[in-house]
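Please open the model in your viewer and follow this tour of the place where two chains meet.

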2 protein chains.
Amino acid sequence: MTASSRPAFHLRLNLDDEAAIGPGKADLLQAIAETGSISGAGRRLRMSYRRAWQLVEALNLDFGGDVVETLAGGKGGGGARLTDRGNRILACYRRIQLSCAKAIASDLTALKKLRTKR
Amino acid sequence: MTASSRPAFHLRLNLDDEAAIGPGKADLLQAIAETGSISGAGRRLRMSYRRAWQLVEALNLDFGGDVVETLAGGKGGGGARLTDRGNRILACYRRIQLSCAKAIASDLTALKKLRTKR
């Protein structure tokens, strides 16, 4: 058996019947914070610019206000950054991921032991 | 705001690069245990018989052995039940769900408070 390159789990948080945040949106927020632009974040995550924009718009809609703000002017539209709210959302999601990882670690090991070696 | 009818989170566990188990497969295992057949489980979950069978085959493959066993004969193919391994997998997934729910509850409430009332 080879080690998995996927994370051990995928956790999507449902805010209501329509709004949700999972690792994809969280990774996008982090990449925007680190690259300073939506296009740069999309490139890092191998995501089309269109897809990255759609996710940003979904985040802004889901949280009822600015999560990412775009900066006017310059080449490539002037860049983008997380608002204070966006930073807090990202930090909160990462805390939740970590809490979940710790809470499930031993049972996840037990679950994997229920597999027959192949 | 109306209350969500979706569960608060969706947790998929990645066993390796290909195998995974999430709430859909867990609910299917539970429905097979409770209805005594794959077709009955599919009906309860509003899932096609074909889809239910595909998920059962994926589970049997992912865990490297029988998770669900079908019983020969009778109308509707004689029914199905979880093997001992299947029961342990289901119980383990439910424990993990519960551990996760407890671990993330307070941060999930905090995350929801980062939304602007709409």
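What is the count of salt bridges between chain B and chain A? The count is four, a salt bridge being a side-chain nitrogen of Lys or Arg within 4 Å of a carboxyl oxygen of Asp or Glu. This is a predicted model, in which local features need pLDDT of at least 70 and side-chain atom pairs count only at pLDDT 80 or more, while totals for chains, interfaces and linings use all residues. Residues are numbered from 1 along each chain as its sequence is written, chains are lettered from A and ligands numbered from 1 in the order in which they are written, and side-chain values use heavy atoms, with hydrogens and water left out.

Select B:R95 and A:D107 next: they form a salt bridge, and their closest N and O atoms are 3.1 Å apart.

Now select the side of chain B that touches chain A, to which helix 4 of chain B gives the largest share, 15 residues; helices (H or I, at least four residues) and strands (E, at least two) are DSSP runs, numbered from the N terminus.

Widen the selection to both chains, where 42 residues of chain B are in contact (heavy atoms within 4.5 Å) with 42 residues of chain A. Between them the chains bury about 4,000 Å², 53% of it on carbon and sulfur atoms, counted as the accessible area (1.4 Å probe) that two parts lose on being put together, summed over both. Colour B:R6, B:L111 and B:L114, which supply 17% of the area that chain B buries against chain A, more than any other three residues.

Finally, select strand 1 (residues 9-14) of chain A, which runs antiparallel to strand 1 of chain B and is joined to it by five bridges; two strands pair if DSSP finds at least two bridges between them. Here A:L13 stands opposite B:F9.
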